[in-house]
Amino acid sequence: MKIDIISVVPALLDSPFSHSILKRANERGLLNVNVVNLRDFSTNKQKQVDDYQYGGGAGMVMMAEPLANAIDHLQQTTRYDDIIYMTPDGTTFNQQMANRLSMKENLLIICGHYKGIDERIREHYITMEISIGDFVLSGGELAAAVIVDAVGRLIPGVLNNETSALFDSFQDNLLAPPVYTRPAEFKGWKVPDVLLQGDPKKVDDWRHEQSLLRTKNRRPDLLQND
Ligand code: ADE
């Protein structure tokens with residue numbers, strides 16, 4: 001999968017994809033993330049990418065022209081399955097969206113700043129608008145990093161044990177059960193016996209029970225969505 005990201009602060013995206021699982025995904029040729037600096041597509045000397053909003057009011061708006069130039073340029077070599085705009089008024093991201101996006105070949109993500117992007121870009125280029133939650137970030141970069149992380153780890157071959165993503169919280173509308181590692185007793189706190197007894201069926205039943213319990217206590221709304 002290839003993910004291109006258009007940003008006015010590309011440095012914000014230097015690090016998130018250079019470590020751990022996403023780094024491995026890149027090394028294995030499974031995920032290629034490419035950050036493009038919007039200022040490179042500005043047509044004026046000051047490399048301006050924002051301007052005052054029509055009708056007045058505080059806050060700048062990202063201009064249509066540099067964005068259109070950047071998207072047109074990238075589209076010359078890549079056919080995108082989706083052109084995504086990160087915005088707090090988009091559809092709230094969830095695991096189901098991550099699953100769906102992980103099956104795409106090429107994605108383009110636009111990171112908004114200031115008051116947002118000129119509406120005409122949303123109307124004529126954007127195919128999907130995503131929010132990562134009901135709060136406002138200072139820009140779309142960190143939100144884009146969240147999407148790339150959640151999607152990237154689902155690409156087949158990225159996780160070492162491919163089945164492990166199947167048991168993530170939310171994959172079956174249930175939260176994940178508690179997990180433990182050695183030692184079996186720490187400060188007098190014991191690992192549940194069932195996990196030490198070596199009966200896989202009992203372990204499965206216990207985990208499912210714990211998942212249900214945890215979901216009921218913490219996120220009862222998930223159980224009603226079935
Ligand atoms: N940009 C600013 N806030 C955002 C949010 N909550 N989700 C996605 N993009 C954003």
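## Exercises on a predicted model

K104 is partly exposed, because its relative accessible area is 29%. The model is predicted. Work through the exercises below.

### Exercise 1: a salt bridge at K104

Find the partner of K104 and place both residues along the chain.

**Solution.** Start with the side chains. K104 and D82 meet in a salt bridge, at 3.5 Å from N to O. Next, place them. K104 sits in the loop between α3 (95–101) and β6 (106–111), while D82 is in strand β5. The two residues are 22 apart, and the pair links distant parts of the chain. Last, check the accessibility of the partner. D82 counts as buried because its relative accessible area is 11%, and buried means under 20%.

### Exercise 2: a pair within a helix

How far apart in helix α1 are E27 and K23, and are they buried or exposed?

**Solution.** First, the contact. The side chains of E27 and K23 form a salt bridge of 4.0 Å, N to O. Then the spacing. They are 4 residues apart in helix α1, so about one helical turn separates them. Now the surface. E27 is exposed, at 58% relative accessible area. K23 is partly exposed, at 38%.

### Exercise 3: the ligand site

Describe the shell around the ligand, then list its polar contacts with the backbone.

**Solution.** Count first. The ligand is surrounded by 13 residues, and the closest are T87, I132, G133, F135 and L137. Sort them by class: 8 are nonpolar, 5 are polar and none is charged. Now find their source. β5 (82–92) and β7 (128–131) each supply at least two shell residues. β5 gives the most, with 3 residues.

Then take the backbone contacts in turn:

- T87 has a backbone N or O atom 3.2 Å from a ligand nitrogen.
- G133 also places a backbone N or O atom 3.2 Å from a nitrogen of the ligand.
- L137 has a backbone N or O atom 2.9 Å from a ligand nitrogen.

Finish with coverage. On its own the ligand has 260 Å² of accessible area, and the protein covers 97% of that.

### Exercise 4: a nonpolar surface patch

Which residues form the nonpolar patch on the surface, and where is L12 found?

**Solution.** List the members: V9, L12, F135, L137 and L142. Together they have about 400 Å² of accessible area. Then locate L12. It lies in the loop between β1 (2–7) and α1 (20–27). L12 counts as partly exposed because its relative accessibility is 39%.

Definitions and conventions:
Residues numbered from 1 in each chain as written. Predicted model: local features only at pLDDT ≥ 70, side-chain atom pairs only at ≥ 80, totals over all residues. Heavy atoms only, no water. Patch = residues over 30% accessible without salt bridge, like charges linked within 9 Å, V, L, I, M, F, W, Y side chains within 5 Å. Areas by Shrake-Rupley, 256 points an atom, 1.4 Å probe, with all protein chains shown as cover. Buried < 20%, exposed > 50% of the residue type's maximum accessible area, 1.4 Å probe, protein only. Near = heavy atom within 4 Å. Polar contact = N/O pair within 3.5 Å; in protein donor to acceptor, adjacent residues only side chain to side chain. Nonpolar A, V, L, I, M, F, W, Y, C, P; charged D, E, K, R; others polar.
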